[in-house]
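Biologist: Could you take me through one part of this model in detail, starting from a single polar residue and working outwards? I would like the cut-offs stated as you go.

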Amino acid sequence: MEGTAANIRRSVENSVKDGEKIEGAKGEDRWKERGNVKQLVPVRDQSLQEELARQHANERLRRQFAAQANAIGPWIQNKMEEIARSSIQITGALEDQMNQLKQYEHNIINYKNNIDKLEGDHQLIQEALVFDNKHTNYTMEHIRVGWELLLTTIARTINEVETQILTRDAKGITQEQMNEFRASFNHFDRRKNGLMDHEDFRACLISMGYDLGEAEFARIMTLVDPNGQGTVTFQSFIDFMTRETADTDTAEQVIASFRILASDKPYILAEELRRELPPDQAQYCIKRMPPYSGPGSVPGALDYTAFSSALYGESDL
């Protein structure tokens with residue numbers, strides 16, 4: 001029994017000693033952990049401060065870019081609208097319009113520094129890996145596209161006015177006529193984009209007194225829209241109108257043309273008109289030509305001389 005009791009005492013004593021050792025080890029570990037924490041807290045705090053500073057810097061970049069973009073975007077749009085208004089105005093001389101456009105061009109060129117500065121800020125944003133900006137709807141790509149379109153538009157508009165001046169001077173068109181052409185074009189340019197589609201152009205011609213059949217209209221369209229784009233530019237319209245004004249036939253010229261078709265006869269037959277002219281034009285002539293009753297008349301003979309004189313207001317047919 002005594003041996004057993006002694007064994008128990010030794011076991012208990014050993015357990016107590018082992019416990020004291022364990023507690024001592026745990027205490028040492030706690031102090032080590034406390035030391036680590038004391039070291040980690042400042043490091044973490046520094047990281048948070050650095051991230052906060054980075055976010056503040058990114059926000060400054062966003063706001064700086066947005067402030068410029070929100071000014072440049074509307075400026076470009078306003079200049080586009082000014083150029084558009086200038087290109088459709090129908091008062092004043094073309095030279096005055098040219099001077100105004102040159103002033104627009106000068107202002108646009110001088111504005112380039114703002115675009116360059118915005119490009120610099122955009123580069124900083126890219127380097128900072130900032131991909132969002134709640135302060136503006138404009139991106140650098142939007143601004144670039146708008147800027148290039150503005151440069152193209154002012155250059156094209158200046159070129160168009162220069163061409164109009166050359167056309168006016170070469171063909172002896174008065175400024176009043178040019179203004180009338182512009183007024184007619186603007187009226188039928190339904191989309192107000194500086195272009196008439198084919199139906200717009202047809203309506204314009206009809207309003208000016210053209211009696212258009214399909215064949216005649218197709219012929220005219222080959223002149224004003226040779227590439228088949230489906231639209232008529234103001235320059236094409238001017239070219240057509242000036243050509244029509246310059247090339248207007250006299251009654252004598254039309255009579256001479258009919259005489260050739262009639263093989264020098266003083267009259268012409270319906271079958272000859274159908275053979276030589278487009279169907280709609282032939283029918284127009286047949287319907288309106290009076291019968292020929294002069295020397296050498298034959299059944300069905302038509303008087304092209306009387307018709308041509310009436311066509312040009314030289315008789316009361």
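Where does glutamine 68 lie?

Modeller: Glutamine 68 lies in helix 1; helices here are DSSP runs (H or I, at least four residues), numbered from the N terminus. Before we go further, this is a predicted model, in which local features need pLDDT of at least 70 and side-chain atom pairs count only at pLDDT 80 or more, while totals for chains, interfaces and linings use all residues. Residues are numbered from 1 along each chain as its sequence is written, and side-chain values use heavy atoms, with hydrogens and water left out.

With a relative accessible area of 15%, glutamine 68 counts as buried (under 20%; exposed is over 50% and partly exposed lies in between, with a 1.4 Å probe and protein chains only). Leaving aside residues up to four places away in sequence, glutamine 68 touches Asn114, Lys117, Leu118 and Asp121, where contact means heavy atoms within 4.5 Å. Helix 1 also holds glutamate 82, which is partly exposed at 22% relative accessibility. The C-alpha atoms of glutamate 82 and tyrosine 104 are 8.5 Å apart, with their positions 22 residues apart along the chain.

Now to the interior. The largest nonpolar core has 46 residues, and those with the most contacts inside it are Ile76, Trp147, Leu150, Met196, Phe201 and Phe237. A core here is a set of buried Ala, Val, Leu, Ile, Met, Phe, Trp, Tyr and Cys residues joined through side-chain atoms within 4.5 Å. Helix 1 (2-88), helix 2 (94-110), helix 3 (112-127), helix 4 (140-171), helix 5, helix 6, helix 7 (214-224) and helix 8 each give two or more residues to this core. A second, separate core of 14 residues includes Val254, Ile255, Ala262 and Tyr304.

Methionine 196 is a handy place to pause: among its contacts beyond four places in sequence are Phe185, Phe201, Cys204, Val232 and Phe237. Two of these names return in helix 6 (residues 198-207), where Asp200, Phe201, Arg202, Cys204 and Leu205 are buried. Cysteine 204 has 0% relative accessibility, so it counts as buried. Just after helix 6, glycine 209 takes a positive phi of about 100 degrees.

The rings deserve a look too. The whole structure has eleven aromatic pairs, meaning Phe, Tyr or Trp (six-membered) rings with centres within 6.5 Å; planes under 30 degrees apart count as stacked, over 60 as edge-to-face and the rest as tilted. One of them is edge-to-face and joins phenylalanine 185 to phenylalanine 234, at 5.3 Å centre to centre with 65 degrees between the planes. That pair links distant parts of the chain, 49 residues apart, from helix 5 (residues 175-188) to helix 8 (residues 234-246). Phenylalanine 185 and phenylalanine 234 are both buried.

Phenylalanine 258 and phenylalanine 307 make another edge-to-face pair, because their centres are 6.0 Å apart and their planes at 80 degrees. This one connects helix 9 (residues 251-261) with helix 12 (residues 304-311), again across 49 residues, and both of its phenylalanines are buried.

Ring pairs also link Phe181, Phe185, Phe201, Phe217, Phe234, Phe237 and Phe240 into a cluster. Two arginines meet that group. The charged end of arginine 182 sits over the ring of phenylalanine 234, 3.5 Å from its centre, and that of arginine 202 sits over the ring of phenylalanine 217 at 4.0 Å. The criterion is NZ of Lys or CZ of Arg within 6 Å of the ring centre and within 35 degrees of the ring normal.
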